[in-house]
Amino acid sequence: MVNIPNNVLDLIRARTTTKILVTASKDAKPHAIVAGSIVAPTADTMIVGEVLMKVSSKNISDNPKAAFLISAGMEAYEVDCTAMARLESGPEIEAMNKELAAIGLKAAAVWVFRVDGVFDQGASPKAGTKLA
């Protein structure tokens, strides 16, 4: 497992960032969605709530590799991951739904991912640099 650097964790945890989940079907067709429910509960784990994610969830079921793009202005990071579990009950889904209730949404499940790599993807000469 790889640990997400602290500065990237701070950006993931900020409510004002744009968070994108990128998946691919088993025949390698990419699919990207904005997902405000993306969180990093620990430095080596990413979670996303399954809210209106029909294509993404099917893709993750068929192909566990995914990437998260987290951006704010010219700062951006890609977190490459592998899906480990889909949870329909437990503390992760309860915490996710508590947060989502404030905006009138509910997750059917949460997807839990192992972090495989972190890359700088900001608008700078460092773009593409592996950080972890």
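By contact I mean heavy atoms within 4.5 Å. With that in place, let us turn to this structure, which is a predicted model.

I begin with the interior. Leaving aside residues up to four places away in sequence, I4 touches L9, I12, A40, A43, M46, V79, V115 and V118. I4 belongs to the largest nonpolar core, which has 26 residues, and is among the members that touch the most others, together with L21, M46, V48, F68, V79 and F113. At least two residues of this core come from each of α1 (6–13), β4 (45–49), β5 (65–72), β6 (75–87) and β7 (110–120). There is also a second, separate core of 8 residues, including I47, V51, M96 and A107.

Next, consider K19, in strand β1 (residues 18–24). K19 is buried yet has no salt bridge, and E99, the nearest side chain of opposite charge, is 10 Å away. What does the side chain of K19 reach at 2.8 Å? The partner is the backbone oxygen of A14. In addition, a polar atom of the K19 side chain lies 3.3 Å from the backbone oxygen of I12.

Finally, the charged pairs. The whole structure holds 6 salt bridges. One of them joins E50 and R86, at 2.8 Å from N to O. E50 lies in the loop between β4 and α2 (54–62) and R86 in strand β6, so this pair ties together parts that are 36 residues apart in sequence. R86 also forms a salt bridge with E88, with the closest N and O atoms 2.3 Å apart, and E50, R86 and E88 are thus linked in a network. Within this network, E50 counts as buried at 13% relative accessibility, R86 as partly exposed at 33%, and E88 as exposed at 56%.

Definitions and conventions
Residues are numbered from 1 along each chain as its sequence is written. This is a predicted model: local features need pLDDT of at least 70, side-chain atom pairs count only at pLDDT 80 or more; totals for chains, interfaces and linings use all residues. Side-chain values use heavy atoms; hydrogens and water are left out. A nonpolar core is a set of buried Ala, Val, Leu, Ile, Met, Phe, Trp, Tyr and Cys residues joined through side-chain atoms within 4.5 Å. Buried means under 20% relative accessible area, exposed over 50%, partly exposed in between (1.4 Å probe, protein chains only). Helices (H or I, at least four residues) and strands (E, at least two) are DSSP runs, numbered from the N terminus. Lys and Arg count as positive and Asp and Glu as negative; His and the chain ends are not counted. A salt bridge is a side-chain nitrogen of Lys or Arg within 4 Å of a carboxyl oxygen of Asp or Glu. A polar contact is a pair of N or O atoms within 3.5 Å; within protein, one must be able to donate a hydrogen and the other to accept it, and residues adjacent in sequence count only if both atoms are side-chain atoms.
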